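Please open the structure in your viewer and keep a selection panel at hand, since the tour moves from one selection to the next.

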Amino acid sequence: TPQVTPQVALQDRIVAFCAEPRSKAEIANHCGFKDIKHFTARYLKPLLESGQLRMTAPDKPNSSKQKYITVQPSQ
């Protein structure tokens, strides 16, 4: 069986963790990251762009109250 890359496994953990709205700091802390900028660029942005996560306040992307939540796949 092919190996799952660590990035894919971590993205799956993030998606599962964001079943309820979470802040960027909460997500980074949950995954063991201290550098939030690196974490955002490497993990959060790709998940947002692929549609797996969404912002709770998309009109205010830099809001201190911004949270991220898993997008439920349509059935």
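A residue is called buried here when its relative accessible area is under 20%, exposed when that area is over 50%, and partly exposed in between. Bear in mind throughout that this is a predicted model.

Begin with Arg22, which is buried because its relative accessible area, 18%, falls under that 20% cut-off. Add Glu20 to the selection: the two side chains meet in a salt bridge, with 3.9 Å from N to O. Side chains of opposite charge can pair when their charged atoms come close. Glu20, at 48% relative accessibility, counts as partly exposed, and the count of salt bridges in the model comes to one.

From Arg22, go to Ile27, which touches Arg22 and also Ile14, Phe17, Cys18, Phe39, Leu44 and Tyr68, when residues up to four places away in sequence are not counted. Ile27 belongs to the largest nonpolar core, a group of 14 residues in which Ile14, Ile27, Phe39, Leu44 and Leu53 touch the most other members. Colour α1 (6-17), α2 (24-30) and α3 (36-49) next, as these are the elements that give two or more residues to this core.

Now select α3 alone and follow it from its N-terminal end, where Asp35 acts as a cap, with a side-chain oxygen lying 3.2 Å from the backbone nitrogen of Lys37. Which residues of α3 are buried? They are Phe39, Thr40, Tyr43, Leu44 and Leu47. An α-helix has 3.6 residues a turn, so residues three or four places apart point the same way. The buried residues of α3 pack against α1, α2, β1 (53-55) and β2 (68-70), and showing those four elements together with the helix brings these partners into view. At Tyr43, α3 bends by about 35°, and a proline, Pro46, follows within four residues. Just after α3, centre on Gly51, which takes a positive phi of about 85°.

The last stop is Gln66, in the loop between β1 and β2. Is this side chain's residue buried or exposed? Gln66 is buried, because its relative accessible area is 4%. Its side chain reaches the backbone oxygen of Lys60 at 2.9 Å. To display its surroundings, select Ser23, Met55, Thr56, Ala57, Lys60 and Pro61, with which Gln66 is in contact when its neighbours within four places in sequence are left aside.

Definitions and conventions:
Residues numbered from 1 in each chain as written. Predicted model: local features only at pLDDT ≥ 70, side-chain atom pairs only at ≥ 80, totals over all residues. Heavy atoms only, no water. Core = buried A, V, L, I, M, F, W, Y, C linked by side-chain atoms within 4.5 Å. Buried < 20%, exposed > 50% of the residue type's maximum accessible area, 1.4 Å probe, protein only. Contact = heavy atoms within 4.5 Å. Bend = angle between axes of the 7 residues up to and from the residue. Polar contact = N/O pair within 3.5 Å; in protein donor to acceptor, adjacent residues only side chain to side chain. Salt bridge = Lys/Arg side-chain N within 4 Å of Asp/Glu carboxyl O.
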